[in-house]
Amino acid sequence: MKKAGIIIAALLCASLVWGGFYLVKHRADTHSGEDKQLTAVEKIIMKDLENNYPKTPRAVVKLYNQIISVYYGQEYTDEEFEQLTTQARLLMDDALLENNPLDDYRKAVKNDVFYYKNRSRTIRQTDVCDTNEVQYLTDKSNGDRLAYVTASYFVQEKEEFDKTYQKYVLRQDSEGRWKILSYYQIKGELSEQDDE
């Protein structure tokens, strides 16, 4: 009788362990399936930048490039557009925000997207410099920590292709978050990646 009780207890424990593994695996499969169903627009909109802000200047520019790619290459509703621009502005420094009020920024993006679509321009690929190519400086006049990140954009217009480069200047805020202070177009510099 005692042996039967031990066998039943062992079988019960084994079934609980097996059931636990099944449940964990099933949940993981369900969550990964949900991610695959999200559009690029939804993935950006759903990012919680308050609690999960990008850690490095390079990561900030990569996320900003994802937003830019969505602006020019995806379909979205007016409400989604407003959410996208809100997310983009969370990556910007206060000084840049002051120079680009929300309504002006949204109007400028809409005009730019209209221009791209009228000329059949699309951003085919974006790239951000390697981590070791990010330049860090301290502004001696005020002690601000700055980072310089180069990004490239491979653009197609009808049958022609062009590659442009931008330099992003980011400033670290009081919470240690890197925010885009400014950006400007530069002449491209060939990297090892471009030579391949």
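What follows is a walk through some local features of this predicted model, from its aromatic pairs to its buried charges. Local features need pLDDT of at least 70 and side-chain atom pairs count only at pLDDT 80 or more, while totals for chains, interfaces and linings use all residues. Residues are numbered from 1 along each chain as its sequence is written, and side-chain values use heavy atoms, with hydrogens and water left out.

Aromatic rings make a handy starting point. A pair of aromatic rings is described by the distance of the centres and the angle of the planes. Here rings of Phe, Tyr and Trp (its six-membered ring) pair if their centres lie within 6.5 Å, with planes under 30 degrees apart called stacked, over 60 edge-to-face and the rest tilted. Searching the whole structure turns up nine such pairs. One of them joins Y64 and Y168 edge-to-face, at 6.0 Å centre to centre and 75° between the planes. This pair ties together distant parts of the chain, since Y64 belongs to helix α3 (residues 57-73) and Y168 to strand β4 (residues 160-172), 104 residues apart. Helices (H or I, at least four residues) and strands (E, at least two) are DSSP runs, numbered from the N terminus. Y64 and Y168 are both buried, where buried means under 20% relative accessible area, exposed over 50% and partly exposed in between (1.4 Å probe, protein chains only). Together with Y183, Y64 and Y168 make up one aromatic cluster.

Helix α3 also supplies Y71 to a pair with F81; the ring centres are 6.1 Å apart and the planes sit at 50°, so this pair is tilted. F81 is in helix α4 (residues 78-90), ten residues from Y71. Y71 has 2% relative accessibility and so counts as buried, and F81 is buried as well, with a relative accessible area of 4%.

F81 turns up again around R106, a residue of helix α6 (residues 102-118). Neighbours within four places in sequence aside, R106 is in contact (heavy atoms within 4.5 Å) with F81, E82, T85 and T86. R106 is buried yet has no salt bridge, and the nearest side chain of opposite charge, E82, is 4.4 Å away. For a salt bridge, a side-chain nitrogen of Lys or Arg has to be within 4 Å of a carboxyl oxygen of Asp or Glu. On charge, Lys and Arg count as positive and Asp and Glu as negative, with His and the chain ends not counted.

D93 is another buried residue, with a relative accessible area of 6%, and lies in the loop between α4 and α5 (94-99). Sequence neighbours within four places aside, D93 is in contact with R171, K179, I180 and L181. The C-alpha atoms of D93 and R177 are separated by 9.6 Å, with their positions 84 residues apart along the chain.

Backbone angles come next. Most residues other than glycine have a negative phi. S120, in the loop between α6 and β1 (121-128), has a positive phi near 55° and is partly exposed at 40% relative accessible area. K158, in the loop between β3 and β4, also shows a positive phi of about 55° without being a glycine, and counts as exposed at 55% relative accessibility.
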